[in-house]
Amino acid sequence: MKIGIIGKGNVGSALAMGLSRAGHEIKFGHRDPKEPVAEAAKWGEVIILAVPHGAAADTTKAVGSAADGKTVIDVSNALTENMELAIGFTTSAAEEIQKMLPKAHVVKAFNTVFAPNQSTGKVGKEQLASSWRATTRKPSKP
Ligand SMILES: NC(=O)c1ccc[n+]([C@@H]2O[C@H](COP(=O)([O-])OP(=O)(O)OC[C@H]3O[C@@H](n4cnc5c(N)ncnc54)[C@H](OP(=O)(O)O)[C@@H]3O)[C@@H](O)[C@H]2O)c1
């Protein structure tokens with residue numbers, strides 16, 4: 001699958017590593033004019049927004065109608081630069097992004113996992129939970 005990743009920092013790079021290993025194609029969009037956000041968004045069948053919460057308005061504006069009908073994954077934690085809660089408790093970062101991209105299908109994912117673990121899907125030797133594991137692994141004994 002073609003995945004446009006907006007943001008080439010800790011999370012964007014880590015997810016690109018893991019997704020490439022799984023056979024997906026990646027195109028980055030960020031502030032480097034050689035890798036424009038609009039181009040990555042248009043190219044991607046799925047779009048991952050891997051930018052700080054404060055950049056959501058700028059990046060969704062650049063993504064624009066390229067996201068129409070596509071799944072957009074928001075990885076952000078809604079924090080200010082001082083690491084304080086930026087929004088809540090009546091809305092969320094993903095809900096605000098959904099309002100900015102009304103014809104996209106916005107979902108939240110990966111935000112509770114540190115970037116170094118996103119590239120491997122593991123913490124130490126422990127495989128991180130996924131929907132596949134959640135539905136197939138045997139329940140642990142009490
Ligand atoms: N770091 C983690 O372990 C972690 C874990 C879970 C969730 N998160 C969340 O993931 C998001 C990204 O975190 P990060 O650690 O990857 O941040 P980061 O390393 O600072 O990378 C941010 C990326 O966003 C890009 N960017 C910023 N403003 C932009 C704009 N206006 N237009 C286009 N691109 C823009 C930057 O572009 P340039 O390349 O041009 O500078 C950079 O590539 C945050 O919302 C954070 O809360 C982080």
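Start by selecting the ligand and histidine 30: an N or O atom in the side chain of histidine 30 sits 2.7 Å from an oxygen atom of the ligand. Keep in mind as you go that this is a predicted model.

Stay with the ligand for a moment. On its own it has 900 Å² of accessible area, and the protein covers 76% of that. Now add lysine 8, where a backbone N or O atom lies 2.7 Å from a ligand oxygen. Glycine 9 is worth showing too, with a backbone N or O atom 3.2 Å from an oxygen atom of the ligand. To widen the view, display the 24 residues around the ligand; those that come nearest are Lys8, Val11, His30, Val51 and Ala115.

Next, move to helix α3, residues 56-63, and pick out threonine 60. Is threonine 60 buried or exposed? Its relative accessible area is 4%, and because buried means under 20%, threonine 60 counts as buried. Show its side chain and the backbone of the helix: a polar side-chain atom of threonine 60 lies 2.7 Å from the backbone oxygen of alanine 56, and the side chain also reaches the backbone oxygen of alanine 57 at 3.1 Å. Then select Leu49, Ile97, Met100 and Leu101, which threonine 60 touches, leaving aside residues up to four places away in sequence.

For the last stop, go to the loop between β4 (71-74) and α4 (93-100), where you will find methionine 83. This residue is exposed, with a relative accessible area of 62%. Add Leu79, Leu85 and Phe89 to your selection: together with Met83 they make a nonpolar surface patch of about 500 Å².

Note on methods
Residues numbered from 1 in each chain as written. Predicted model: local features only at pLDDT ≥ 70, side-chain atom pairs only at ≥ 80, totals over all residues. Heavy atoms only, no water. Patch = residues over 30% accessible without salt bridge, like charges linked within 9 Å, V, L, I, M, F, W, Y side chains within 5 Å. Areas by Shrake-Rupley, 256 points an atom, 1.4 Å probe, with all protein chains shown as cover. Salt bridge = Lys/Arg side-chain N within 4 Å of Asp/Glu carboxyl O. Helix = DSSP H or I, 4+ residues; strand = E, 2+ residues; numbered from the N terminus. Buried < 20%, exposed > 50% of the residue type's maximum accessible area, 1.4 Å probe, protein only. Polar contact = N/O pair within 3.5 Å; in protein donor to acceptor, adjacent residues only side chain to side chain. Contact = heavy atoms within 4.5 Å. Near = heavy atom within 4 Å.
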